[in-house]
Amino acid sequence: MTATTRPMSPLGEARFDRSRTQGHGLADDLRSFRTAVSLGWSMEANWTDPVLFLIYSVAKPIASALILVFMIDVIAGPAGQPLRGFVIVGSALWSLVLSGIAGLAWAVLDDRERYRMLKYVYVSPSPFVVVLIGRGIARLAVGAMGAGITLFAGVVFLGVTFSLAAVDWPLLVITLVLGTIAILAIGVLMAAICIQTRQDSWTYPEAVAGALFLVVGAVFPLSALPDPLQVLGLLSPLTWWIDGVRQALFPGGTSSIGGTGSAWYRITGSLNPSDGQIVIALLATGALVTLGSAIAFRASEHRAKDRGTIDRTTGS
Amino acid sequence: MSGLEATKSAASRSGVPGQAGRRPPRVRAFVGAPSSGPRESAAWTRRRIVANNLHSVVGRAYPRVRGLTREPSWILFEMLLPFLTTSAFVFVYRALDAPPSYIGFVVLGGAMSAFWLNVVWMMAAQLYWEKDQGNLELYFAAPMNLMSVLFGMAAGGLVMSSTRAVVVLVVATVVYKVSFSIDQWGLLLAVFVLTLAALYGFGMMLASLFLMWGREAWHMTQLMVEPVYFVSGLNFPVGRLGMLGAVAIALIPLAVGLDAMRQLAFASTGPTGTPSPEIEALILIAMTIVFTILARWLLHSMEIRARQEGRLTVRWR
């Protein structure tokens with residue numbers, strides 16, 4: 001605000017503007033969000049050599065995909081070629097999940113344990129969760145880049161058959177948007193956990209993602225799992241998101257949810273879920289997870305203030 | 001003020017003018033026995049140096065071992081969830097109708113990954129974190145060899161990751177009915193111990209490098225997980241990688257140790273196209289020696305460089 005617009009007293013002194021303490025609602029939140037995204041991106045990327053950064057960003061998802069490709073090749077040989085598309089899409093999307101879940105949790109740990117700024121961020125007028133989501137978006141963007149390059153490498157170097165003309169764009173856009181919200185919601189949940197735990201929780205997001213990896217059909221169909229685990233998988237939005245993206249990119253391909261031995265088949269009687277069912281299930285499970293995360297985050301925030309963990313630093 | 005200066009100052013304060021002929025009162029300098037002055041205090045016997053460094057090892061290992069009981073969430077996130085990650089790869093093989101020994105490969109790989117993660121996160125990157133937290137300057141100022149800190153970190157980390165490895169190995173073996181066929185128990189145990197020695201030697205070496213690389217260290221930790229899992233053949237026989245696998249066996253302790261243990265734990269699976277366990281045990285011995293020497297040299301070089309450039313206390317870079 002310039003001197004000419006600032007409210008002045010009759011003596012020419014700047015007066016306290018009460019309306020500023022109330023903020024500008026959504027406009028302020030958006031500004032905080034933009035700043036947090038920019039800060040997150042700067043912390044992630046702007047200080048290193050771009051080529052080196054690219055290597056860092058894509059090495060992890062590509063290596064994850066290659067592990068699975070070799071596992072298939074060792075057992076199935078050339079006959080396993082059709083399965084490559086299934087595992088490459090799954091592991092590429094999983095790098096997005098990992099980045100999304102870890103981004104928010106690591107923002108908490110980074111600011112609290114390394115930069116020791118969390119308490120200042122917390123007491124700033126910006127909503128804490130908005131700042132965290134902004135920071136997480138930057139890492140999600142890095143993950144998205146890794147996922148895109150993994151898919152590209154899969155098509156170009158690993159013989160995955162893919163046609164741009166065949167892509168179901170509406171389904172892809174809808175599932176990507178809903179899936180991203182669900183991933184961020186799980187990230188908020190992890191941030192809520194990491195506010196309570198010690199410095200060593202850097203590895204917690206990966207542990208949670210690794211556990212979810214088992215039940216969401218990322219790299220093998222759910223029908224390979226026992227029934228209780230399949231049902232657990234059906235309750236996760238990530239399962240529907242991955243299957244939705246798979247169906248959008250490879251229409252008519254193998255579904256990770258359906259199949260003759262699947263719980264889905266036994267429950268619904270249909271072999272595979274339709275696109276509409278995928279979107280509705282993603283919406284419903286995503287809403288549940290988002291609601292749960294919001295409640296957990298609020299409770300964690302309350303406990304952190306009560307126990308003084310917002311500015312606690314630990315070591316081991 | 002350094003420890004020596006502090007002692008001198010304390011000694012000078014204790015001297016009373018006009019009592020030159022009298023024996024000065026004995027002062028307690030540093031943390032040892034009372035002495036007549038700073039010179040005597042500074043002249044440590046070899047036994048005392050060794051004892052002090054052993055105390056340092058125990059002191060650095062203590063928070064890691066004791067911390068196991070102070071963070072209950074650790075049980076869920078570090079022991080139970082990693083078992084589920086390993087299970088995911090078991091189900092990949094089950095979905096492919098793989099032979100049972102491959103499920104054993106995955107379980108063994110899942111157990112050993114606990115040590116690798118510990119080496120990457122809590123050895124290699126640790127000195128960098130310590131610098132960020134402001135502990136590193138205290139380590140340098142303390143009257144001990146910095147290698148003691150590294151050994152302490154390794155000892156504590158070993159205990160931490162052993163719990164996770166044991167849980168993954170035992171639970172997965174029971175749940176997925178893994179059957180081992182072991183002919184040479186002694187060699188298997190020796191290879192396991194040598195693998196841990198080489199792994200933590202590697203971690204001690206990386207600790208200095210990561211400290212030098214600064215913020216790159218963060219990304220290096222990322223680069224050293226899945227890509228290393230892939231070239232080490234964590235979930236499949238490393239021999240299938242051809243030349244890449246051979247290079248991994250020559251350079252990465254996880255690759256060579258895992259391959260040797262698989263050959264010994266699943267003797268009935270036949271040749272894997274890699275060196276015999278005996279030769280791989282020799283490679284592990286060589287790795288342990290080379291990594292430990294390199295760790296010592298790098299730490300010394302890094303200390304000299306950091307002192308010259310005044311970067312020991314520069315954080316967040």
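These exercises, with worked solutions, go through the helices and contacts of a predicted two-chain model.

Residues count from 1 along each chain as its sequence is written, and chains are lettered from A, ligands numbered from 1, in the order in which they are written. Because the model is predicted, local features need pLDDT of at least 70 and side-chain atom pairs pLDDT 80 or more, while totals for chains, interfaces and linings use all residues.

**Exercise 1. Describe the make-up of chain A.**

Step 1. Count the elements. Chain A has 12 helices and zero strands. Helices (H or I, at least four residues) and strands (E, at least two) are DSSP runs, numbered from the N terminus.

Step 2. Get the extent. Along the principal axes, the C-alpha atoms of chain A fill a box of roughly 85 × 45 × 45 Å.

**Exercise 2. Work out how α2(A) and α6(A) pack.**

Step 1. Check α6(A) alone. It has 30 residues and spans 43 Å from first C-alpha to last, close to the expected 44 Å. The expected span is 1.5 Å times one less than the number of residues. After α6(A) comes A:Gly159, with a positive phi near 75°.

Step 2. Find the angle. The axes of α2(A) (residues 26-45) and α6(A) (residues 128-157) come within 7 Å and cross at roughly 40°. Axes are lines fitted to C-alpha atoms, for helices over the stretch in contact, and angles run from 0 to 180 degrees between N-to-C directions.

Step 3. Classify. The pair is therefore oblique. Under 35 degrees counts as roughly parallel, over 145 as roughly antiparallel, 65 to 115 as roughly perpendicular, and the rest as oblique.

Step 4. Give the hand. The crossing is right-handed. That means the near helix is turned clockwise from the far one by less than a right angle; anticlockwise is left-handed.

Step 5. List contacts (C-beta atoms, placed from the backbone, within 7 Å). Among them are A:Phe33, A:Trp41 and A:Glu44 of α2(A), and A:Ile133, A:Arg135 and A:Val142 of α6(A).

Step 6. Sort by class. The contact divides into 11 nonpolar, three polar and four charged residues. Ala, Val, Leu, Ile, Met, Phe, Trp, Tyr, Cys and Pro count as nonpolar, Asp, Glu, Lys and Arg as charged, and the others, Gly among them, as polar.

**Exercise 3. Treat two helix pairs of chain B in the same manner.**

Step 1. Take α9(B) (residues 185-213) and α14(B) (residues 277-309). Their axes come within 8 Å and cross at roughly 25°. The two helices are therefore roughly parallel. The crossing is left-handed. By class, this contact has 23 nonpolar, five polar and no charged residues.

Step 2. Take α5(B) (residues 100-124) and α13(B) (residues 253-265). Their axes come within 11 Å and cross at roughly 145°. This crossing is right-handed. Residues that meet include B:Phe105 and B:Trp116 in α5(B), and B:Met261 and B:Arg262 in α13(B). The contact holds eight nonpolar, two polar and one charged.

**Exercise 4. Locate the kink in α4(B).**

Step 1. Check the span. α4(B) (residues 73-95) has 23 residues and reaches 32 Å, close to the 33 Å expected.

Step 2. Find the bend. A kink of about 30° lies at B:Leu81, shortly before B:Pro82. The bend is the angle between axes fitted to the seven residues ending there and the seven starting there.

**Exercise 5. Describe the side of chain A that touches chain B.**

Step 1. Count. 37 residues of chain A contact 40 of chain B.

Step 2. Assign. α3 (50-76) and α8 (204-215) of chain A each give two or more residues. The largest share, 14 residues, comes from α3(A).

Step 3. Sort. This side of chain A has 26 nonpolar, eight polar and three charged residues.
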